[in-house]
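Here is a short briefing to read alongside the structure. Have the viewer open, and take the bullets in any order you like.

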Amino acid sequence: QYSIGVFGGINNSTLVGDAPPGSTYKRDLSFGMGILGEFNITSDVRISLQPMFLQKGAKIAYSVLNEREPQDSIDITINYFSLPILMKVYAGNDIMYVSGGFDIVYKLDATFRRITSDKEKDVSDSFNDFNIAAIVGVGAQFRLGQFYIFAEGRYSQGLGNISNPNPDAPEELSPSFRTTGLQLFAGVILTVGGSEPND
């Protein structure tokens with residue numbers, strides 16, 4: 001059995017690693033959208049390929065005198081072509097499922113912006129082109145005629161250092177950090193072959 005679909009959602013991401021002195025990394029809300037193709041291994045297990053456009057990034061916040069919380073100072077955005085390869089295991093009711101696998105990403109571009117300025121600096125050369133992240137998630141789907149509507153929450157953890165230090169990089173960029181994110185996606189799936197899922 002084969003299925004195709006479209007989906008989109010948000011990625012609440014940040015960087016983990018060595019933040020600049022006197023600062024901390026904070027989460028930044030971005031988005032992703034793509035298409036998917038799935039096929040059944042068994043009635044309860046599917047492989048899902050999900051090519052997509054995905055934004056990742058973070059804010060760098062600095063401690064300020066007389067302020068209780070660090071103040072956002074820098075916004076970093078990285079645009080990726082992303083290819084999650086996931087295994088989805090369904091419960092017997094064909095509604096709830098858990099997912100896990102890997103996300104292979106290719107960097108399209110990256111920008112660096114100080115919050116106090118509207119000017120963006122292209123820092124694409126400061127990040128590695130490829131990276132791999134591990135993904136775990138849980139989701140639910142509901143049938144609507146010939147379609148399935150689904151929503152899925154995921155946790156994504158980068159497995160490698162994405163920094164590529166170079167002389168032109170802003171001094172605020174650390175020589176070592178990884179990506180992490182909490183993702184929420186929703187979409188529509190259409191079965192195009194075989195029997196209905198888990199019949």
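**Strand 9, its neighbours and a nonpolar patch**

Val138 is a handy place to begin: this residue lies in strand 9. Please keep in mind that the model is predicted. From Val138 we can step out to the surface patch, then to the strand pairing, and finally to the chain as a whole.

**The nonpolar patch**

- Val138 is one of the residues that make a nonpolar surface patch of about 1100 Å².
- Its companions there are Tyr2, Ile4, Phe39, Ile41, Met87, Val89, Ile95, Met96, Val98, Phe142 and Val192.
- Two or more residues of the patch come from each of these elements: strand 1 (2–17), strand 6 (71–90), strand 7 (96–114) and strand 9 (130–144).
- Val138 has a relative accessible area of 44%, so this residue is classed as partly exposed; patch members need over 30%.
- Tyr2, which lies in strand 1, reaches 54% relative accessibility and therefore counts as exposed, the cut-off for that class being over 50%.

**Strand 9 and its hairpin**

- Strand 9 pairs with strand 10 (residues 147–158) in the antiparallel sense, over 12 bridges.
- If you want one pair to click on, try Gly137, whose bridge partner in strand 10 is Arg154.
- The hairpin formed by strand 9 and strand 10 has 2 residues between the strands.
- In that hairpin, Gly145 takes a positive phi near 65 degrees.
- As background for viewing, side chains in a regular strand alternate between the two faces of the sheet.

**A link across the sequence**

- Tyr2 and Thr191 are 189 residues apart along the chain, yet their C-alpha atoms are separated by 6.0 Å.
- Across the protein chain, residues 24 or more positions apart account for 67% of the contacts with a separation of 6 or more.

**The chain as a whole**

- The protein chain has 11 strands and 0 helices, which gives the pattern β-β-β-β-β-β-β-β-β-β-β when read along the sequence.
- The C-alpha trace spans about 60 × 35 × 25 Å along its principal axes.
- How many of the 199 residues count as buried, as a percentage? The share is 46%.
- About 10000 Å² of the protein chain is exposed, and carbon and sulfur atoms supply 60% of that area.

Terms used: Residues numbered from 1 in each chain as written. Predicted model: local features only at pLDDT ≥ 70, side-chain atom pairs only at ≥ 80, totals over all residues. Heavy atoms only, no water. Patch = residues over 30% accessible without salt bridge, like charges linked within 9 Å, V, L, I, M, F, W, Y side chains within 5 Å. Areas by Shrake-Rupley, 256 points an atom, 1.4 Å probe, with all protein chains shown as cover. Salt bridge = Lys/Arg side-chain N within 4 Å of Asp/Glu carboxyl O. Helix = DSSP H or I, 4+ residues; strand = E, 2+ residues; numbered from the N terminus. Buried < 20%, exposed > 50% of the residue type's maximum accessible area, 1.4 Å probe, protein only. Pairing = 2+ DSSP bridges. Contact = heavy atoms within 4.5 Å.
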